[in-house]
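Q: Could you walk me through this one? I'd like to begin with the packing inside.

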Amino acid sequence: MGYDLSMRVWRGDQSGGDFGDYTVEVSEGEVVLDAIHRLQATQAGDLAVRWNCKAGKCGSCSAEINGKPRLLCMTRLSDFDPSETITVTPMRAFPVIRDLVCDVSFNYEKAKEVPSFAPPPRDADGKRRMAQVDVERGQEFRKCIECFLCQDTCHVVRDHEENKPAFSGPRFFLRFAELDMHPLDTHDRRELAQGAGGIGLCNITKCCTEVCPEGIKITDNAIIPMKERVADKKYDPLVWLGNKIGLRNRDYDGRD
Amino acid sequence: MTGNEMSGDARGGIERHRYDVIVIGAGGSGLRAAIAAHEAGARVAVVCKSLLGKAHTVMAEGGCAAAMGNLWPDDSWQVHFRDTMRGGKMLNNWRMAQLHAQEAPERVMELEDWGALFDRTEDGLISQRDFGGHKYARLAHIGDRTGLEIIRTLQQRLVALGIDVFMECTVTDVLKDPSTGSGTGAVAGAFGYWRETGRFVVFESPSIVMATGGFGKAWKVTSNSWEYTGDGHALALRAGAGLINMECVQFHPTGMVWPPSVKGLLVTESVRGDGGVLKNSEGNRFMFDYIPEYFRAETADTEEEADRWYDDKENNRRPPELLPRDEVARAINAEIKAGRGTPHGGIYLDIASRRTPEFIRKRLPSMYHQFKELADVDITAEAMEIGPTCHYAMGGIEVDPETEASVVPGLYAVGECSGGMHGSNRLGGNSLSDLIVFGKRAGDAAAAHAAGLPEPPRISEDDIAAAQRDALAPFEVEGGENPYTIQQDLQQTMNDLVGIIREGPELEQAIVKVEEFKARMARMAVEGHRQYNPGWHLALDLRNMLLVGECVAKAALARKESRGGHTRNDYPGPDPEWGAKNLVVTLNSTGDGVDLAEKSLPEMPDELKQYFED
């Protein structure tokens with residue numbers, strides 16, 4: 001049943017910090033976020049942590065547990081041995097604000113670069129029609145809770161801060177793919193995915209897919225098909241010729 | 001904007017921004033209001049406590065009610081209106097219920113125009129699912145994560161329009177123009193702080209749309225996220241607005257009861273809409289014992305008829321599991337009290353023995369995931385253990401049905417923090433449609449108000465200084481009590497004394513406790529400094545939770561009847577006299593408590609009354 005959990009929690013801010021060692025009483029059925037909350041309520045009232053729903057639906061409580069990017073609310077203590085010390089650190093790919101809270105504004109800036117959905121007019125009766133089988137591809141991607149764990153683990157940015165301006169990361173490749181596969185969207189975003197998005201920098205190590213708490217197959221279902229579509233358009237000589245002589249549709253530049 | 005850039009000016013170094021409309025809250029209603037105000041030509045900013053896209057709307061699961069008639073051509077706004085009023089036990093503002101039913105289908109289609117991917121019918125139209133209290137299947141949905149789809153769609157629209165968002169920024173006071181006199185005065189702006197730095201910020205704006213959601217965090221067992229601390233209710237009350245129906249609090253029948261870390265977490269009503277049934281520890285499907293007279297004519301009274309309904313809705317009546325939420329929650333509560341509960345103090349919700357694993361995983365993917373990950377329960381093979389959880393505030397800021405304007409000029413309210421739309425009990429699916437219908441109306445009206453003013457309102461520097469002093473007060477106390485302890489005690493009190501079943505003496509006790517909490521809160525202290533300090537943030541939210549708790553306890557004591565989300569053991573039935581009036585709560589003259597007044601409900605016109613004649 002209940003036991004004393006040893007925790008190491010990173011405490012600090014942009015100017016630096018260190019680990020705090022704590023012992024927290026926990027009970028059966030609890031998750032790491034419960035332990036953090038008890039720590040706050042009893043020993044460290046000013047310990048900063050982001051969270052909202054505590055149900056794995058909002059994607060706010062992203063952090064690294066024993067070095068692995070995870071949601072604090074979806075990591076059960078029963079996954080660990082009671083004698084084990086659990087180490088909690090903020091996401092490494094983003095600048096820390098305080099304790100476990102990072103500045104994730106990078107993601108909100110990248111979101112602005114994705115051109116919005118552009119549908120054709122509605123049907124004559126004022127409705128729209130799509131087949132379930134066609135919406136399901138996009139629906140998988142729209143399960144994304146924007147926890148940014150995929151962004152955190154993507155080594156293109158994790159270890160290379162300088163890549164950030166040229167690379168929007170798995171979360172936004174997902175968004176490009178979702179729009180590209182939307183049955184009603186009229187834009188072609190392949191050039192943007194490659195240009196502004198930098199999808200070419202992704203070398204398909206599948207780290208993003210591994211950490212996705214929603215189980216979205218980011219690499220297989222979004223990035224690889226998107227890369228293939230970019231390659232098809234850009235590098236296939238027959239397609240290139242077709243485009244040149246006007247046999248294939250021209251790209252919109254993709255922005256309203 | 002995340003507050004990384006700091007700015008200040010000669011007027012005391014406080015960062016200032018000027019807009020035509022400020023929307024406080026970035027859930028579905030706030031985002032829809034901001035989009036509407038922007039499209040009406042106003043300069044708009046959204047101010048929210050969390051990051052964009054994290055608001056409680058993401059938790060909405062089942063769907064968005066709209067009489068689109070995609071599955072049932074007989075469905076219409078009139079039927080939706082009737083269902084909504086009957087679900088709310090006729091305490092609803094009839095005009096809000098009417099506008100809601102009329103406008104919801106177009107608002108849903110608009111989401112599709114902005115990229116939402118709803119599930120489809122066989123004809124390729126937006127799919128619609130069954131929910132409690134709705135005569136026809138009318139909830140537009142995406143599996144069981146409809147709220148996430150709606151907030152993401154609105155968020156992406158907001159970004160495409162380039163609307164400013166002040167994330168992780170908490171508003172602590174509404175500022176008013178002193179030249180407009182005391183009393184209700186007119187809105188001039190808002191005062192708040194950046195969570196990241198703890199630094200203060202002033203928004204100068206003639207229009208404010210409150211879209212802050214509910215106040216379920218004042219209870220211990222709740223489905224609500226941390227942000228639901230009644231901020232909008234309290235801010236509006238302090239600004240001079242009135243709150244109605246505050247005694248009507250919805251306890252959702254199905255919250256998780258195990259493990260303890262997720263106690264209260266929602267289990268969507270879609271489980272019952274898709275065939276799940278409720279059983280007690282003796283294996284009985286007990287809901288047949290709790291069919292109220294009011295709904296008897298439309299509810300199946302045998303298991304055989306109820307089971308036939310899933311395949312043949314024309315010729316059979318609905319299962320009692322799909323009665324409105326208040327009825328189901330009370331029935332579950334009664335079974336548990338009678339000793340027929342589960343080992344963890346709940347009731348069984350069983351879909352595993354009634355549907356195939358494939359069906360369950362397809363229709364209820366989030367529920368499957370949630371139970372598997374958090375409780376280690378496979379809902380395709382086992383029953384779920386569930387029990388009532390504090391879920392939704394029907395009560396809120398009293399507004400004009402057409403414009404969502406409160407009595408304070410320039411102050412609007414929308415979504416869960418507004419009152420009137422849902423009467424004494426909200427039907428499932430009606431909150432997501434509420435957000436988009438009234439979000440648009442509030443945004444339009446707020447923009448028009450700002451555009452119609454001859455000159456911008458002025459903020460008093462004294463008011464800013466006072467707001468600053470109030471916000472910093474918890475740092476001034478040495479060795480005082482920790483806000484976390486006071487919060488826990490308040491939550492326990494609300495659960496024990498102002499819970500799902502109420503009694504006069506307990507409510508009186510709760511009101512005494514509220515006074516004790518006020519005294520404890522005056523001596524509350526926080527440690528550390530202002531930068532991203534959750535103890536301090538809680539201390540400020542706690543003031544709002546306590547004020548709202550006082551409103552609910554006092555209104556619950558005054559309403560001597562049982563109606564929808566307000567159940568009194570000592571007054572078990574509805575009383576027609578009480579059914580004709582709202583209780584309005586306002587701040588008292590000294591500002592340290594609240595007053596109550598009765599106010600007649602608006603009279604429904606005859607052409608609408610005809611829908612209730614059968």
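Q: Which residues touch the most other members of the largest nonpolar core?
A: This is a predicted model, and in its largest nonpolar core, a set of 209 residues, Ile36(A) and Met210(B) touch the most other members.

Q: And which helix gives that core its largest share?
A: That share, 15 residues, comes from helix α15 of chain B, which spans residues 534-558.

Q: Is there another core apart from it, and what residues does it hold, for example?
A: Another core of 32 residues lies apart from the largest one, and among its members are Phe117(A), Met130(A), Val157(A) and Leu174(A).

Q: Back to Met210(B): what does it touch, leaving out residues up to four places away in sequence?
A: With those left out, Met210(B) touches Ile24(B), Val174(B), Gly232(B), Leu235(B) and Ile397(B), and also Leu411(B), Tyr412(B), Ala413(B), Val414(B) and Cys417(B).

Q: Switching to chain B as a whole, how many helices and strands are there?
A: Chain B has 16 helices and 20 strands, and 67% of its 614 residues are buried.

Q: What does the radius of gyration say about chain B?
A: The value for chain B is 23 Å, which agrees with a compact globule, because one of 614 residues would have a radius of gyration near 25 Å. Along the principal axes, the C-alpha atoms of chain B fill a box of roughly 75 × 50 × 50 Å.

Q: What about charge in chain B, how many side chains of each sign?
A: Chain B carries 64 positive and 91 negative side chains, with the centres of the two sets 1 Å apart.

Technical notes. Residues are numbered from 1 along each chain as its sequence is written. Chains are lettered from A and ligands numbered from 1 in the order in which they are written. This is a predicted model: local features need pLDDT of at least 70, side-chain atom pairs count only at pLDDT 80 or more; totals for chains, interfaces and linings use all residues. Side-chain values use heavy atoms; hydrogens and water are left out. A nonpolar core is a set of buried Ala, Val, Leu, Ile, Met, Phe, Trp, Tyr and Cys residues joined through side-chain atoms within 4.5 Å. Buried means under 20% relative accessible area, exposed over 50%, partly exposed in between (1.4 Å probe, protein chains only). Helices (H or I, at least four residues) and strands (E, at least two) are DSSP runs, numbered from the N terminus. Contact means heavy atoms within 4.5 Å. The radius of gyration is taken over C-alpha atoms; the globule rule is 2.2 Å times the number of residues to the power 0.38. Lys and Arg count as positive and Asp and Glu as negative; His and the chain ends are not counted. The place of a charge is taken as NZ of Lys, CZ of Arg, CG of Asp or CD of Glu.
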